[in-house]
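Good morning, everyone, and thank you for making room for this on the agenda. I would like to walk you through one model, so please have the sequence and the structure open as we go.

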Amino acid sequence: MAHQFGKDPNREPLISWDCRKQALVSNWVDVEDQHFEPPALKLISELVIKPNKGLAPDGGMVAEAEAELAKILDVYEARLAKSKFLASEKYTIADVLHLPKLQSLLETPAKKLIESRPRVNAWCTEILARPAWAKVLDMKQNMAQA
């Protein structure tokens, strides 16, 4: 989708057409997919989904996933010392991909992993405050009420 809509002059580009810049975006998309998402999903499963089903979280699984996520968030903290967003000074698809998981994590005790890292916390606050994400949350709430 980012490629399809990326050249629309009426939309903010989420990708770059410069090969070097696109390589950075692709790298951070892979980091999200391979290193951030797995522990984030484990935490969401244990701290959100299980309790919603009346099940107790597995403390060992939570501790393991928190340790994994902490490592990658340390990498993010270092990266965000060099640029405003993960792949560049501009918001890209690499940032977008984090939105649902960050939103969920911030509603759990695992939010401490984000809030304890100033640059990650600032990045997270900024991307979650974007108008398009607010629209997604509104749509989700409206669907839940229907």
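I will begin with the overall fold, go on to the core and its aromatic rings, and finish with several single residues.

Please keep in mind throughout that this is a predicted model, and that every value I quote has been computed from it.

Let me start with the secondary structure, where the protein has eight helices and zero strands, so that, read from the N terminus on, the elements run α-α-α-α-α-α-α-α. Of the 146 residues in the protein, 38% are buried. If we take the contacts with a separation of 6 or more, 64% of them are between residues 24 or more positions apart.

That brings me to the interior. The largest nonpolar core has 34 residues, and those with the most contacts inside it are Phe 36, Leu 43, Tyr 76, Leu 105 and Trp 123. Which helices each supply at least two residues of this core? They are H2, spanning 19-52, H3, spanning 59-79, H4, spanning 93-96, H5, spanning 99-105, H6, spanning 111-115, and H7, spanning 118-128. The largest share comes from H2, which supplies eight residues.

It is worth pausing on Phe 36, and on what surrounds that residue. Leaving aside residues up to four places away in sequence, Phe 36 touches Val 31, Leu 69, Ile 72, Leu 73, Tyr 76, His 98, Lys 101, Leu 102 and Leu 105.

Now to the aromatic rings. As a reminder, a pair of aromatic rings is described by the distance of the centres and the angle of the planes. The structure holds four aromatic pairs. In one of them, the rings of Tyr 76 and Trp 123 have their centres 5.9 Å apart and their planes at 85°, and because an angle over 60 degrees is counted as edge-to-face, that is how this pair is classed. This pair links distant parts of the chain, since Tyr 76 is in helix H3 and Trp 123 is in helix H7, 47 residues apart. Are these two residues buried or exposed? Tyr 76 has a relative accessibility of 0% and therefore counts as buried, and Trp 123, with a relative accessible area of 3%, is buried as well.

Another pair is formed by Phe 85 and Tyr 91, again edge-to-face, with 5.9 Å from centre to centre and 70° between the planes. Both Phe 85 and Tyr 91 are buried. The ring of Tyr 91 has a further partner, in that the charged end of Arg 130 sits over this ring, 3.6 Å from its centre. Returning to the core, ring pairs link Trp 28, Phe 36, Tyr 76 and Trp 123 into a cluster.

A word on the cysteines, for anyone wondering how many disulfides there are. The count comes to zero disulfides. As for their surroundings, Cys 19 has a relative accessibility of 67% and so counts as exposed, whereas Cys 124, at 1%, counts as buried.

Let me close with some single residues. Thr 108 is placed in the loop between H5 and H6, and with a relative accessible area of 4% this threonine is nevertheless buried. Not counting residues up to four places away in sequence, Thr 108 touches Leu 47 and Val 48.

Asp 33 is in helix H2 and, at 36% relative accessibility, counts as partly exposed. The side chain of Asp 33 is joined to that of Gln 34 by a polar contact of 2.7 Å. Between the C-alpha atoms of Asp 33 and His 98, which are 65 residues apart along the chain, the separation is 9.3 Å.

Lys 71 lies in helix H3 and is exposed, with a relative accessible area of 61%. The C-alpha atom of Lys 71 is separated by 9.1 Å from that of His 35, the two residues being 36 apart along the chain.

Finally, Ala 81 is found in the loop between H3 and H4, where, at 48% relative accessibility, this alanine counts as partly exposed. The C-alpha atoms of Ala 81 and Val 120 are separated by 9.4 Å, with their positions 39 residues apart along the chain counted as the distance apart.

Methods:
Residues are numbered from 1 along each chain as its sequence is written. This is a predicted model: local features need pLDDT of at least 70, side-chain atom pairs count only at pLDDT 80 or more; totals for chains, interfaces and linings use all residues. Side-chain values use heavy atoms; hydrogens and water are left out. A nonpolar core is a set of buried Ala, Val, Leu, Ile, Met, Phe, Trp, Tyr and Cys residues joined through side-chain atoms within 4.5 Å. Buried means under 20% relative accessible area, exposed over 50%, partly exposed in between (1.4 Å probe, protein chains only). Helices (H or I, at least four residues) and strands (E, at least two) are DSSP runs, numbered from the N terminus. Contact means heavy atoms within 4.5 Å. Rings of Phe, Tyr and Trp (its six-membered ring) pair if their centres lie within 6.5 Å; planes under 30 degrees apart count as stacked, over 60 as edge-to-face and the rest as tilted. A charge sits over a ring if NZ of Lys or CZ of Arg is within 6 Å of the ring centre and within 35 degrees of the ring normal. A polar contact is a pair of N or O atoms within 3.5 Å; within protein, one must be able to donate a hydrogen and the other to accept it, and residues adjacent in sequence count only if both atoms are side-chain atoms. A disulfide is a pair of cysteine sulfur atoms within 2.5 Å.
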